[in-house]
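Trainee: Could you zoom in on one chain and walk me through how its pieces pack and pair? I'd like the terms explained as we go.

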Amino acid sequence: MIRDITIGQYYPANSIIHRLDPRVKIVCTLIYMISLFVINNVCGYALALLFLVFVIKASGVPFKFIVKGLKPIVVLLLITVLFNLFLTGTGTILFQAGFLKITDQGLRTAVFMAVRLVFLIMGASIMTFTTTPNALTDGIEKLLHPLNKIKVPVHEVAMMMSIALRFIPILLEETDKIMKAQIARGADFESGNIIQRAKSMIPILVPLFVSAFRRANDLALAMEARCYRGGEGRTKMKPLLYKNRDYMAYAGMILYTIAVVIVGRVLSFHVWIF
Amino acid sequence: MSIKLEHINYIYSEGTAYEKAAIKDICLEIKEGEFIGIIGHTGSGKSTLIQHLNGILKATSGELYCNGKNIYEEGYPMKELRNYVGLVFQYPEHQLFEVDVMKDVCFGPKNQGISPEECEKRAREALELVGLKEKYYTRSPFDLSGGQKRRAAIAGVLAMHPQVLVLDEPTAGLDPKGRDDILEQISMLHKRTNMTVILVSHSMEDIAKYVDRIIVMNKGEVMYEGKPKEVFRHYKELEKIGLAAPQVTYVMKELKEKGIPVSDDATTVEEAVEEILRGMKGAVK
């Protein structure tokens, strides 16, 4: 039932992308996202697509999994495209019906916006598909480490994040179990009006909260029993260390960035001339 | 009145990276009034199997007949099936939610559409049966001890008067007395009302003591099926899959090896005592 929902959807495989340092993946994803918003011509997007296809191929994650990740943003995508399409005022008018008009500029922005969003989600989901939530928080902690100097409790925030992520599947499973148990006792979650349905959630929510607090309590005790005192002076069992492949990934990213900048410059130069 | 499973398969998270076949090609028949024990290693598919019995999990393929009717057919009244088959999950105390014990036990019967007075009557009966004292009826279920919570939760299912009672490790984490109490009561109920009982347990002693028929699960498949004596005869194979025969069976086997004339298939202490007395008499003569 509820267990079929995949959150923090990690796809276990043993590809080069999976083995990269999480920091590399976070930084590269960020650069890639920024590049998508800097690019404003077809050649640039072709480059972005090429890069994306290359990374997807290298990651070994089946394409249909990545496409599945686009489902939740379909509505957002439609709204963006429609607004841009009909409400961009400037440019040559291609089509007009009442106050709605499609201009060539509007069409251009709409298409670029759609491509941007799709690439953005695909790029980000490649990161979550190839990095375990724990590795991700480790990477974030290390990247944000300099903020410690200005008294930001980086370690504590990262710890909270990883605990929260760890608890999502546990609580999902717990919800599933409690739901089944109450269904077995004849509970009905589907019929009735909205108030009745909200009421019928009580037999799930009460045990769920009780169990969440119990688990939190147990975890805190277990951590204290093992002398957890926060981040100060704490070392890692598996410290993050850059390897050759990580430097190569950075180099690849730099190449991509340069290519994007050059393509942008050259093309705008052409546009300038003609 | 019986439940019949035909070639039931169940696959978790089908179509994702975590796809896993939990049970494979299960064919079983559970007759009215039987007391069945299901044993198996952790992860062998016991819990998945029993969740099919009241339709909470729908088999990926295969058919399940309840009293001759296919429950996967469209329009089958699932609610009736759930009234007919009562399921007590593992750690049922985690499902308690009401403000007091009495109300919580009434939750099931109330959902069946039974009048409040009748609900309370049934709840009292059920609570008495599981041995929870009256002074606890008005307390919050969260103030009870672990064992008392377990009893209250089992009572919550018993109050629905199921004709088939399925218990998934009802005694896990209880003290020996609590364990014996609960199983004795259920066994009595089984004898008195001819209720079908299906017990999932890791205790070979409990299984040997109470059940008429054992089903051994291994890696999602039924490995053995039969009377306790027959099944425990395969103790060497059972050991290979992380199970065992009851301890007393091992004692009897060693006695026999030492040359004492006893048969080695006793599975309960009472049987063993009888068998040893008989053997000794034979020796004296």
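Mentor: Sure. Two residues are in contact if their C-beta atoms, placed from the backbone, lie within 7 Å. Helices (H or I, at least four residues) and strands (E, at least two) are DSSP runs, numbered from the N terminus. Keep in mind that this is a predicted model, where local features need pLDDT of at least 70 and side-chain atom pairs count only at pLDDT 80 or more, while totals for chains, interfaces and linings use all residues. Residues are numbered from 1 along each chain as its sequence is written, and chains are lettered from A and ligands numbered from 1 in the order in which they are written.

Let's take chain B and start with a pair of its helices. Helix H3 of chain B covers 101–111, and its partner is helix H4 of chain B, residues 116–129. Their axes lie 9 Å apart and make an angle of about 120 degrees (axes are lines fitted to C-alpha atoms, for helices over the stretch in contact, and angles run from 0 to 180 degrees between N-to-C directions). That angle is why H3(B) and H4(B) are called oblique to each other; under 35 degrees would be roughly parallel, over 145 roughly antiparallel, 65 to 115 roughly perpendicular, and the rest is oblique. H3(B) passes H4(B) in a right-handed crossing, meaning that the near helix is turned clockwise from the far one by less than a right angle, with anticlockwise being left-handed.

Who does the touching? From H3(B) come B:Met102, B:Val105, B:Cys106, B:Pro109 and B:Lys110, and they meet B:Cys119, B:Glu120, B:Arg122, B:Ala123, B:Ala126 and B:Leu127 in H4(B). By class, this contact has eight nonpolar, no polar and three charged residues (Ala, Val, Leu, Ile, Met, Phe, Trp, Tyr, Cys and Pro count as nonpolar, Asp, Glu, Lys and Arg as charged, and the others, Gly among them, as polar).

Next, look at the sheets of chain B. Two strands pair if DSSP finds at least two bridges between them. One open sheet has four strands in the order E2-E1-E4-E5 of chain B, paired antiparallel. Strand E2 (20–31) and strand E5 (69–70) of chain B are its edge strands, each pairing on one side only. Strand E1 of chain B, residues 2–12, runs antiparallel to E2(B) and is joined to it by eight bridges. If you want a spot to find on screen, B:Ile3 stands opposite B:Ile30 in E2(B).

The other open sheet has six strands, in the order E6-E7-E8-E3-E9-E10 of chain B, and its pairing is mixed. Strand E6 (85–88) and strand E10 (221–226) of chain B each have a single partner strand, so one side of each is left without a neighbour in the sheet. On average, neighbouring strands here are turned by 15 degrees against each other, direction ignored. Inside this sheet, strand E3 (residues 35–40) and strand E8 (residues 196–200) of chain B are a parallel pair with four bridges; there, B:Gly37 has B:Leu199 in E8(B) as its bridge partner. Helix H1 of chain B, residues 46–53, lies across E3, E6, E7 (164–168), E8 and E9 (213–218) of chain B, and runs at about 155 degrees to E7(B).

Chain B also touches chain A, in a contact that takes 24 residues from chain B and 22 residues from chain A. On the chain B side, the elements giving two or more residues are helices H2 (78–84), H3 (101–111) and H5 (146–158) of chain B. That side holds eleven nonpolar, eleven polar and two charged residues.

To set against the chain B helix pair, here are two from chain A. Helices H3 (residues 42–59) and H6 (residues 104–130) of chain A pack at about 25 degrees, axes 11 Å apart, and are therefore roughly parallel. H3(A) passes H6(A) in a left-handed crossing. Their contact residues include A:Leu52 of H3(A) and A:Phe119 of H6(A), and divide into ten nonpolar, three polar and no charged.

In the other pair, helices H7 (residues 133–144) and H8 (residues 154–184) of chain A have axes that come within 9 Å and cross at roughly 170 degrees, which makes H7(A) roughly antiparallel to H8(A). The crossing of H7(A) past H8(A) is right-handed. Among the residues that meet are A:Ile140 in H7(A) and A:Met161 in H8(A), and this contact has seven nonpolar, four polar and one charged.
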